[in-house]
Amino acid sequence: MNDFLEIMKQLLEGYLTKFTDIFVNMENFPAPLEVASELYTLVVRWVFPILAAAIFLRCILPLLQNGKEKAVWGYLCMTDGTRTPLKNWENLIGRSKFSDIVINLPFVSRSHAVLTFHNGVWSIADLGSKGGVKVNGRKIEKQEIVDYGDTLSLSGVEMALAPADAEPPKGLLQKNDTVSTPPSGRHIRTGATLFLILIFLILGSIQICFSMGTQVNPAVPLTLLIFILAMCLHYIFMRWFSRKYFELELLCYFLCGLNLLIVASAAPNSLYKQLAAILTGIVVYTVIKMIIGNLGRAHKLKYFLMASALVLMILNLALGETYFGAKRWINLGFITFQPMEFVKIAFVLAGAATLDRLLTTRNMTAFIAFSGACIGTLVLIRDFGTAVVIFGTFIVIAFMQSGDLRTIALVTAGAVFGSTAVVSFMPYIASRFAAWGNVWDLANTSGYQQTRTMIAAASGGLLGVGGGNGYFKYIPAADTDLVFGMLSEEWGLLVALTVVLTIVFIAVYAVFLTKNSRSSFYAIAACGAASIFLIQTALNVLGSVDILPLTGITIPFVSNGGSSMIASWGLLALIKSADGRIRPE
């Protein structure tokens, strides 16, 4: 306790000395603006991490509450009189413990059949079971429509389909039949959280303007003002037309605002471009979320995006321009973009099984072929970082589709062998691995970026030196591949870790949603998108501090880059689509 008091005493004495020096020696300052700048930075450095933590906590607490309203779409009535509620649009029936409806009998297959509710119509499909599926005593070959009152037989186990509003037999109402309600207690208002984000952005923009002195770029306040207005309009629009929880969007507003502050410090001339990317991303997010809200439209969008992705990959191979060793840019003269960023959205949708092909060999084979095309293109254009992201996401989606660890282990072993060959035959990628773990010995050559990142993070301390006041922004890729170093130096380690925790929480929350997801399509899509967010963040942060090789990957929503920003919003729509909870009034 005495040590803590001594540390606080020294800290307060240091700040008191700082204030005294400013006021006593004001004649040493060339202008009062510098005095105001130092005083402002001295104060808001403490405010920023508090605001960031408050925004983070106010967003995650409502999302962690188990307030999903459990809609019951129908019942399966067994011969013994019991009935099982159907709470998903897709209900996997089988012996596996991962099935929605578990029938623990040895003659029932692990994944026996899938019972689907689509556009008010029930249907059942056999998933290649040994015992087969019968509807009213007739064995089905493909997908078969089922009416209420029909008898279903899975390897001799009979059950009947009943509507959701059917009166249950006396004494057979199960505890799972009840509809859960939102938890009681004080509701955290999203309006107040939005206000905290506005305060953070306003204080941050003032800080950036102070750091520029008399040479303030008018794009800084104008860009932040337009973003704030767009953010408020989108918030009002979404609140007006939807009763869904809005905390995920608030977290992304916060990250995008921080993105603009980073760009304002490192590349102010790119502010308008980055703002346009954010606004486009919000529009893409809204459109995708509206489209995939209907599973039929989601099915059509999947194939449209897959075809578009193949076209983009061909164009990338034919017209791509090489920067920093990777051929991942297409320059149209008036705009430059990375096509493989948009392919990520199509990749996740390709892996999300649709209703009529759930867990089938045909669907899995098509997904493996599309994954091979994506990874092959990335190898040819030497985009090793994105290849790692795509492959990691493939593993997650493949496991969710099949649950076959043996097959996934074989695929992973083949990928390790292939990546070893790539590293051996491509000097550019091999140099990254050569520097891994030895960056301090190569501080002026291949380890230059990582060593400067760690120096900048250390110099920023917990609170940072103030937005716009750092030196790391002059290092190449400071606002993109090495953005964690710039965050740590200018905004402090506390804010930087809050950003990382925000991305991690979005990924964990996507997994949390899967247990109550209305369809496997939404569950797989959400986990696939979350995997991309998590892997990208891990590669960026751990690569910039030499825990992993530096791969040139951005942090979603935070790094400078229009293609990455738009793709991040598109992937967020896939996560949001899995959230069926209704917020309390």
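This is a short walk through the sheets, two helices, a surface patch and the cysteines of one structure.

Hi everyone, and thanks for coming. Before we start, please keep in mind that the model is predicted.

Let's begin with the sheet that has 6 strands. It is open, the pairing is antiparallel, and the order is β2-β1-β11-β10-β7-β8. Which strands sit at the edges? They are β2, residues 83-86, and β8, residues 138-139, and each of them pairs on one side only.

Let's step through part of that order, starting from β2. Its partner β1 covers residues 74-78, and the two pair in the antiparallel sense over 4 bridges. If you want to find this pairing on your screen, look for Tyr75, whose bridge partner in β2 is Pro85. β1 and β2 also form a hairpin, with 4 residues between them. In that turn you will find Gly81, which has a positive phi of about 100 degrees.

Moving on to the other neighbour of β1, we reach β11. Here 5 bridges join β1 to β11, and the strands run antiparallel. A handy landmark is Gly74, which stands opposite Pro163 in β11. Strand β11 spans residues 157-163 and is joined by 4 bridges to β10, residues 151-154, again running antiparallel. In that pairing, Leu152 stands opposite Met159 of β11.

Now for another sheet, further along the chain. This one is open too, with 3 strands in the order β12-β13-β14 and antiparallel pairing. Its edges are β12, residues 321-323, and β14, residues 336-337; each has a single partner strand, so one side of each is left without a neighbour in the sheet. Between β12 and β13, which covers residues 326-331, there are 2 bridges, and the two strands run antiparallel. To spot this pairing, look for Glu321, which stands opposite Trp329 in β13.

On to the helices. α5 takes in residues 247-266, which makes 20 residues. From its first C-alpha to its last it reaches 29 Å, close to the 28 Å expected at 1.5 Å a residue. Is α5 mostly covered or mostly uncovered? Mostly covered: 19 of its 20 residues are buried.

Then there is α8, residues 339-351, with 13 residues. Its reach from first C-alpha to last is 19 Å, close to the 18 Å expected at 1.5 Å a residue. Of those 13 residues, 12 are buried, so α8 is largely enclosed by the rest of the structure. The buried residues of α8 include Val343, Ile345, Phe347 and Leu349, and among them are also Glu341 and Lys344.

Let's turn to the surface. Leu222, Leu225, Ile226, Leu229 and Tyr272 make a nonpolar patch of about 450 Å². Which helix gives the most to this patch? That is α4, residues 219-241, with 4 residues. Take Ile226 as an example: this residue lies in α4, and its relative accessible area is 33%, so Ile226 counts as partly exposed.

Last stop, the cysteines. How many disulfides does the structure hold? The count is 0. Two cysteines worth finding are Cys77 and Cys232. Cys77 has 28% relative accessibility, so this residue counts as partly exposed. Cys232, at 22% relative accessibility, is also partly exposed. Why do these two not count as buried? Because buried means under 20% relative accessible area.

That's the tour. Thanks for listening, and I'm happy to take questions.

Notes: Residues are numbered from 1 along each chain as its sequence is written. This is a predicted model: local features need pLDDT of at least 70, side-chain atom pairs count only at pLDDT 80 or more; totals for chains, interfaces and linings use all residues. Side-chain values use heavy atoms; hydrogens and water are left out. Two strands pair if DSSP finds at least two bridges between them. A disulfide is a pair of cysteine sulfur atoms within 2.5 Å. Buried means under 20% relative accessible area, exposed over 50%, partly exposed in between (1.4 Å probe, protein chains only). Patches are made of residues with over 30% relative accessible area and no salt bridge: like charges are joined within 9 Å, nonpolar side chains (Val, Leu, Ile, Met, Phe, Trp, Tyr) within 5 Å. Accessible areas come from the Shrake-Rupley method with a 1.4 Å probe; for residues, only the protein chains shown count as cover. A salt bridge is a side-chain nitrogen of Lys or Arg within 4 Å of a carboxyl oxygen of Asp or Glu. The expected span of a helix is 1.5 Å times one less than its number of residues.
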